[in-house]
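Let's take a look inside this protein and see what surrounds its empty space. Have the structure open as you read.

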Amino acid sequence: MDSKRDKDQDAECEKVTAVLLKSRTGEFDLESILFLKLRGLGIHDLGCTGECINLERLDLSLNNITNLAPLASLRLLSVLNLSANKIANLESLRSCDSLQNLNVAGNVISSIENLQCLQSLRKLENIRLKDNTYNYTNPVCRNTSYRTIMLEMFPNLKVLDGERVVGRGSDLYQLCKDIDDTIKAGLYKNGQLTEHPDCKPWVEDSYWEIKRSSNAIVEEAYKQFNDVLHECKLLNNRATHIINLLRKWSLSINDKDITKAKEVSQVVGALKTKTPQPRTFIREMQTVTLIPGDGIGPEISAAVMKIFEAAKAPIKWEERNVTAIQEPGGKWMIPPDAKESMDRNKIGLKGPLKTPIAAGHPSMNLLLRKTFDLYANVRPCVSLEGYKTPYTNVDLVTIRENTEGEYSGIEHVIVDGVVQSIKLITEQASQRIAEYVFEYARNNQRTSVTAVHKANIMRMSDGLFLRKCREAAEKHKEVKFTEMYLDTVCLNMVQDPTQFDVLVMPNLYGDILSDLCAGLIGGLGVTPSGNIGANGVAIFESVHGTAPDIAGKDMANPTALLLSAVMMLRHMGLHGHAKKIETACFDTIRDKKVLTKDLGGNSKCSEFTDAICQRVQDMH
């Protein structure tokens, strides 16, 4: 027997109420609801559904609806599913001017006259009155001329009952139907199929050729598929190379034996240099690709190199300039020598890059992210002692998914004056960033992770991102996991940033929130940043602008790039050198004697650099 609570819930669902809509969508304003699914709730009264005047997609299937009058006010409704109800009259849909897709299979529509009210809907291109998959139909479908009459009544129709009636798909369907009808007719003579005047088995030679779509989404999917295929080939080649090296040096590759850690390190080293390494361990110089950048970039890059030299960091710099160049086919790319350097060295340090606004160039930072699949942007935000800001105890990290979301670069013009931008969220990218953030928290002694989202509005895209974060949290019980809306995070962040530890979020939210967090500690001039990519590639960067107004005047502050280089050293396992340089930088700022203008002093960039170098040398 059903409980009283269950009966009460069923009673509440018999009529659509504002309470029901708010509980299903999370929206307090009914006019904000764009998509609504009320499937299988036993509804017979549509109640206040008509107040959702901006509704675009509505699913009311598997209910007991008979009266559609409340839907008459939904002028923006484009997709409507009314299958498996008790509807006989569609007159109320006459005013749904935007309706494109209508499913009324499994109702009691008895005659063609009941459908004439839909003829005024000029955008209607998909109607379903029967569905053989679920055995849904309507009495009107029993009319032997039903299909012919429907096509005459609705000349703009593209799909009827799930079958295309115009375009290449309909041609193929009709071809298969002709062949099938001919076979069923049993028109064979001496084992041979006789000619049938209605059968058209031959098509043009080019009919089956795959034609590339001009649709931006399809193009992006095609590109990503080829990128994945190329990456698989590279991984296969690398695995083959490792196996060959192991065999060449007579190292074990069987599960029964144990390869010594020392021997494994030699294999890894050999993969970088292409030649066998000596068996004695020594700290060798490691090559890093340096991209000085534009504006003040060369000055602050020179400052970092000077400080590294003073600290005797085992780093060899391989300098490369990066600008966007265009292939003959129109595709943008970075210079081949820069890409080859990064592919070989795996680690890069980058100054600020400018993107010419009117030159048609893509964003240089976005181009680098896509080129090297830099999927995670990591920005630690820590208060600097001696540099006064409204907040004194900030210690948090923002980790941003770096490759997709609103920054996927998929945009197109629908009609003049209307532009559409696609927010692309994939399961693979969401899972990858979710797993990375928990690994980061564990490896850096961080205690909690907060997933930042707007899944209450973007239920599918942000919902997928949030689901992957939840799944990763289940695997890392030692790290506390919370979820929070983006707007709530911003509110709480400016009230008390100390409540946050590690935050993970999709691309656009991360771009905004990471800059907000940088403002808490003094701005982008003191905020480091690192980009972690696939195949061991990582690029560390200063995220401030090129500051062309002070370029070449010895006024720039190298702190952001220097702290990014410290992040790089830790990433490379050079913790001692990282600590030495970081301490020297922090001590110089705390001492307040030699500071650049933006830090509250009057010193030049070169003087600030020399002060840090002196502190580093004093530590020897």
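## Who lines the cavity

In this predicted model, the largest cavity is lined by Lys350, Asn365, Leu368, Arg369, Leu374, Asn531, Ile539 and Glu541. Try finding them on your screen, then check which helices and strands they belong to.

Two elements, α9 (364–372) and β23 (538–542), each give at least two residues to that lining. The largest share comes from α9, with 3 residues.

## What kind of walls

What mix of residues makes up the lining of the largest cavity: how many are nonpolar, polar and charged? There are 3 nonpolar, 2 polar and 3 charged residues in it. Leu, for instance, counts as nonpolar, while Lys counts as charged.

## How much space

So how do you spot a hole like this? Roll a probe the size of a water molecule over the atoms, and you see where empty space is left.

The largest cavity holds about 40 Å³ of space. Counting cavities of 30 Å³ or more gives 1 for this protein.

## The rest of the protein

Now zoom out. The protein is built with 16 helices and 23 strands, and 43% of its 620 residues are buried. Here, buried means under 20% relative accessible area.

On the outside, about 33,300 Å² is exposed, and carbon and sulfur atoms supply 52% of that area.

Finally, look at who touches whom. Take the contacts between residues at least 6 apart in sequence: 60% of them join residues at least 24 apart.

Note on methods: Residues numbered from 1 in each chain as written. Predicted model: local features only at pLDDT ≥ 70, side-chain atom pairs only at ≥ 80, totals over all residues. Heavy atoms only, no water. Helix = DSSP H or I, 4+ residues; strand = E, 2+ residues; numbered from the N terminus. Buried < 20%, exposed > 50% of the residue type's maximum accessible area, 1.4 Å probe, protein only. Contact = heavy atoms within 4.5 Å. Areas by Shrake-Rupley, 256 points an atom, 1.4 Å probe, with all protein chains shown as cover. 1 Å grid on protein atoms, 1.4 Å probe; cavity = no way out; pocket = protein on both sides within 12 Å on 5 of 7 lines; lining within 4 Å. Points joined across faces, edges and corners; volume = space filled by probe spheres on them.
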